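Hi,

Here is the structure I promised to pass on. Have a look at it first, and my notes on what turned up follow below.

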Amino acid sequence: MKKLLLTLLAMLVLAGCNRQPKPPLVFGASAWPGYASIYLAHDLGFLPKQGIQLQEYASASEVAQAFRAHTLHVAAVTLSEALVLHRSIPNLKILLVLDASNGADALLAQPGTNSLAQLQGKRIVADDPVHGSYLVRLAAKEANLSFSRFNVRFMPENQQQAAFRAHKVAAVVAAEPLRSLLLANGAEPLFDSSHVPGKLLDVLVARDDDVGYYNDEMLQLLKGWRRAIDYI
């Protein structure tokens, strides 16, 4: 009996030794000021030193790609992008509405463009083409124009300013800081999200399985975000 107990004890010890440590929760977002509060929470010590890892990407499309690959457990995306992700990730959950755009997203056209109608059939670019198409659709509706006449295409944000200066694009759907840079280059603001309050949202998304596995870490992430907002 004593030998049996020792054997069972040894098996339990070995099982404990083979147990892998829990990998950290990985959060990701694009380098946009609206998501900065989460990174600020980390810098201020509002997030635990272990258990949560933050990644920053150059564009919204890179964030979506990393989330699809399950490199990220939590991502900050636009609501329109979340709906697209849901097509391939049925167990997608929205954890939190981060913000509602009220003028931060704008359709900016080349100097001398006086109306939305002048952009019909011309190249409009956006880093998040789903989000960009939605903004243009809302603008077209307000102007009583058919959205089918507009051509919204993807272009990484880090290429848009150069393309705009070179007149390779007719217009850009832009947020800060690109919005201010293009306005300084003479861009014509034709429409922005202040015309459609509550229509353009940013959200935090995660897979349902990860919500269960990383429940504590996700609560810490949300609490840290709220503390950073209060700090700001």
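Five strands form an open sheet with mixed pairing, in the order S2-S1-S3-S10-S4. At the edges sit strand S2 (52-57) and strand S4 (92-100), each of which pairs on one side only. Ignoring direction, neighbouring strands of this sheet are turned against each other by 25 degrees on average. Please keep in mind that this is a predicted model.

Inside that sheet, S3 and strand S10 (residues 201-207) run antiparallel and share five bridges. If you want a spot to zoom in on, try Val-77, whose bridge partner in S10 is Val-203.

There is also a parallel pair to look at: strand S6 (residues 123-126) and strand S7 (residues 151-154), held over four bridges. Ile-124 stands opposite Val-152 of S7 there. Add H5 to S6 and S7 and you have a right-handed β-α-β unit.

Now the pockets. The largest pocket has a volume of about 410 Å³. Its lining counts 26 residues, and those nearest the centre are Ala-60, Asp-105, Asp-127, Glu-157 and Ala-175. Helix H3 (60-68), strand S3 (74-78), helix H5 (129-142), helix H6 (157-165) and strand S8 (171-174) are the elements that each give two or more residues to this lining. Which of them gives the largest share? That is S3, with three residues. By type, the lining of the largest pocket splits into 14 nonpolar, seven charged and five polar residues.

The second largest pocket holds about 180 Å³ of space. Residues lining the second largest pocket include Thr-78, Leu-79, Ser-80, Arg-87, His-131, Tyr-134 and Lys-199. Helix H4 (79-88) and H5 each supply at least two residues of that lining, and H4 gives the most, with five. Here the split is seven nonpolar, three polar and two charged residues. So H5 turns up three times in these notes: in the lining of the largest pocket, in that of the second largest and in the β-α-β unit.

Last, some backbone oddities. As background, most residues other than glycine have a negative phi, and most peptide bonds are trans. Where does this model depart from that? One place is the bond between Glu-176 and Pro-177, which is cis, with omega at about 5 degrees. Pro-177 belongs to the loop between S8 and helix H7 (178-184).

Two histidines are worth a click as well. His-70 is not a glycine, yet its phi is positive, at about 65 degrees; you will find His-70 in the loop between H3 and S3. His-167 also has a positive phi, near 60 degrees, and lies in the loop between H6 and S8. Are these two side by side in the accessibility classes, buried, partly exposed or exposed? His-70 counts as partly exposed because its relative accessibility is 37%, which falls between the 20% and 50% cut-offs. His-167 has 56% relative accessibility and therefore counts as exposed, the cut-off for that being over 50%.

That is what I have for now.

Cheers

Definitions and conventions: Residues numbered from 1 in each chain as written. Predicted model: local features only at pLDDT ≥ 70, side-chain atom pairs only at ≥ 80, totals over all residues. Heavy atoms only, no water. 1 Å grid on protein atoms, 1.4 Å probe; cavity = no way out; pocket = protein on both sides within 12 Å on 5 of 7 lines; lining within 4 Å. Points joined across faces, edges and corners; volume = space filled by probe spheres on them. Nonpolar A, V, L, I, M, F, W, Y, C, P; charged D, E, K, R; others polar. Pairing = 2+ DSSP bridges. Right-handed = clockwise from strand over helix to strand, strands pointing away. Buried < 20%, exposed > 50% of the residue type's maximum accessible area, 1.4 Å probe, protein only. Axes fitted to C-alpha atoms, helices over the stretch in contact; angles between N-to-C directions.
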